[in-house]
Amino acid sequence: MEINTKNILIQMFEKWAGEEARSFVMLPQSGSYREYYRITGRTKTALGAFNADEKENRAFIEFSKHFKEKDLSVPEVYAHNLEKHVYLQQDLGDVTLYSFLQGVRKEQSFPDDLLVFYKKTLKSLIDFQVKGGEGLDYDHCYPRQAFDRQSMLWDLHYFKYYFLKLARVPFDEQALEDDYHRLIDFLLEVEHNYFLYRDFQSRNIMVVNDEPWFIDYQGGRKGALQYDLASLLFDAKADIPNEIREELLDYYVDELQKHQTVDRPDFIRHYQGYVLIRIMQAMGAYGFRGFYEKKEHFLKSIPFAISNLKYLLDKVELGIELPTLFAALHNVCESEELKTIGQKSTTLTVYITSFSFKRGVPVDVSGNGGGFVFDCRAIHNPGRYPEYADKTGKDEEVITFFAKEPEMAEFLKDSFALVEKSVEKYISRGFQNLMVNFGCTGGQHRSVYSAEALATHLQHKYKVNVELKHVEQEMKKK
């Protein structure tokens, strides 16, 4: 994000809050490419969002306005500037349903208060689907107005190309395509003129005063009731026990019957089909972000998704023949490599980051907190000289500059000594994440050089994984 964008968000906040912004902190990035910043004043707080996709921003803003008018629990949008791709929204805190369930569950247990919260969530889901869909202008939907044949084919091809092919699962291309169309014909048999949230999962549900609030519905469109229900109950890493899934499914149908007549056996049969396509869509996403983009934490969801898929295949009764698709899915379930992919490593990973203090200290995405922040601003700065203006701490000219600076050598000696003590202790105790940040004024010379030096030092001295990121330099590339 450009400094100018940061200034626009701060101006938005100060106009809305009527007070000065005292902090501006980037939140950990999720599965999307949107960037969120918590902006805090003396008494008020809000989230600033930056997203280069203008149509997606418009969908979120318009849907939020409509859902607010329907008294649904969604964040208020305080201000927006679509030309600059930013908006300011209500801060609902940091507790998602996913983090809540991680905190209250013990091994495979599913406490009563968690079950109660899921039932509240399902009641709210019906309100979104039925009441929320009434009068909604679907022209704002992006990228498509309905979860129709084309949308389903996109998801199924996503699964084929980014999961099956990258995981080297064999299949007959034309036969699989034929099965895809038979599955879609089956799914489109049901009424599909409700609001479909699209990504109704535990990470998009916030816990606010013991009540569910909802975010990230900008991908919504017209669709069938069963899809969002499948998304929530088969959310891979939420790992809901099968008997709880069945209880929640029955609860949902009972609540839905208070709004309309429901053919329970037919609803559940088609629900199984929507579970199937949702699991495949999710696995396509895990394949794209994990196999293709090499982001390890997406790979960790694959074993959970396979467990869900195996459970479904053991009980599904759609009443249609999908021989090639089911053969490929059974191959996925039987793959020992896929079952164990992304499992916890015992190797320590050290996340080393260079940054600009103008943008704020990077957030620890591992969830552990702590680590180190080293301030490089007391070191002689090559950025003061024109010949280094377009260089970074990775360039030979800057490296040569620092080689002649004894204060850089002294700084690195001291910082390395501190980091080494933690690295050795973390390795001995089996810890898996440590974060080290180097900051300077522009995030270009001193911090970049220091981060590169530490990465090289640790890789030569210890058996650790090192993930190196230069925040300011990556931002300039966007």
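The exercises below concern salt bridges, helix geometry and burial in a predicted model.

**Exercise 1.** Determine which parts of the chain the salt bridge between Glu56 and Arg34 links, and whether the two residues are buried or exposed.

*Solution.*
1. The side chains of Glu56 and Arg34 form a salt bridge, with an N to O distance of 3.0 Å.
2. Glu56 sits in helix α2 (residues 54–69), while Arg34 belongs to the loop between β1 (23–26) and β2 (35–40).
3. The two residues are 22 apart in the chain, and the pair links distant parts of it.
4. Both Glu56 and Arg34 are buried.
5. The structure holds 26 salt bridges, and the pair Glu56 and Arg34 is one such bridge.

**Exercise 2.** Find the salt-bridge partners of Arg264 and assign each residue to a helix.

*Solution.*
1. Arg264 forms a salt bridge with Asp250, where the closest N and O atoms are 3.5 Å apart.
2. Asp250 is in helix α8 (residues 242–256) and Arg264 in helix α9 (residues 264–292), at a separation of 14 residues.
3. Arg264 also forms a salt bridge with Asp254, with 2.4 Å between the closest N and O atoms.
4. Asp254 lies in helix α8 and Arg264 in helix α9, so this pair ties together parts ten residues apart in sequence.
5. For accessibility, partly exposed covers the range between the buried limit of 20% and the exposed limit of 50%. Arg264 has 25% relative accessibility and is therefore partly exposed. Asp250, at 35%, is partly exposed, and so is Asp254, at 39%.

**Exercise 3.** Compare the span of helix α11 with the expected value, then list its buried residues.

*Solution.*
1. Helix α11 (residues 302–315) has 14 residues.
2. The expected span is 1.5 Å times one less than the number of residues, which is given as 20 Å for α11.
3. From first C-alpha to last, α11 reaches 20 Å, close to the expected value.
4. Buried in α11 are Ile302, Ala305, Ile306, Asn308, Leu309, Tyr311, Leu312 and Leu313.
5. For the spacing of such a list, recall that an α-helix has 3.6 residues a turn, so residues three or four places apart point the same way.

**Exercise 4.** Describe the surroundings of Glu420.

*Solution.*
1. Glu420 is located in helix α15 (residues 406–429).
2. Its relative accessibility is 15%, so Glu420 counts as buried.
3. Leaving aside residues up to four places away in sequence, Glu420 touches His457, Lys461 and Tyr462.
4. With Lys461, Glu420 makes a side-chain to side-chain polar contact at 3.3 Å.

Terms used. Residues numbered from 1 in each chain as written. Predicted model: local features only at pLDDT ≥ 70, side-chain atom pairs only at ≥ 80, totals over all residues. Heavy atoms only, no water. Salt bridge = Lys/Arg side-chain N within 4 Å of Asp/Glu carboxyl O. Helix = DSSP H or I, 4+ residues; strand = E, 2+ residues; numbered from the N terminus. Buried < 20%, exposed > 50% of the residue type's maximum accessible area, 1.4 Å probe, protein only. Polar contact = N/O pair within 3.5 Å; in protein donor to acceptor, adjacent residues only side chain to side chain. Contact = heavy atoms within 4.5 Å.
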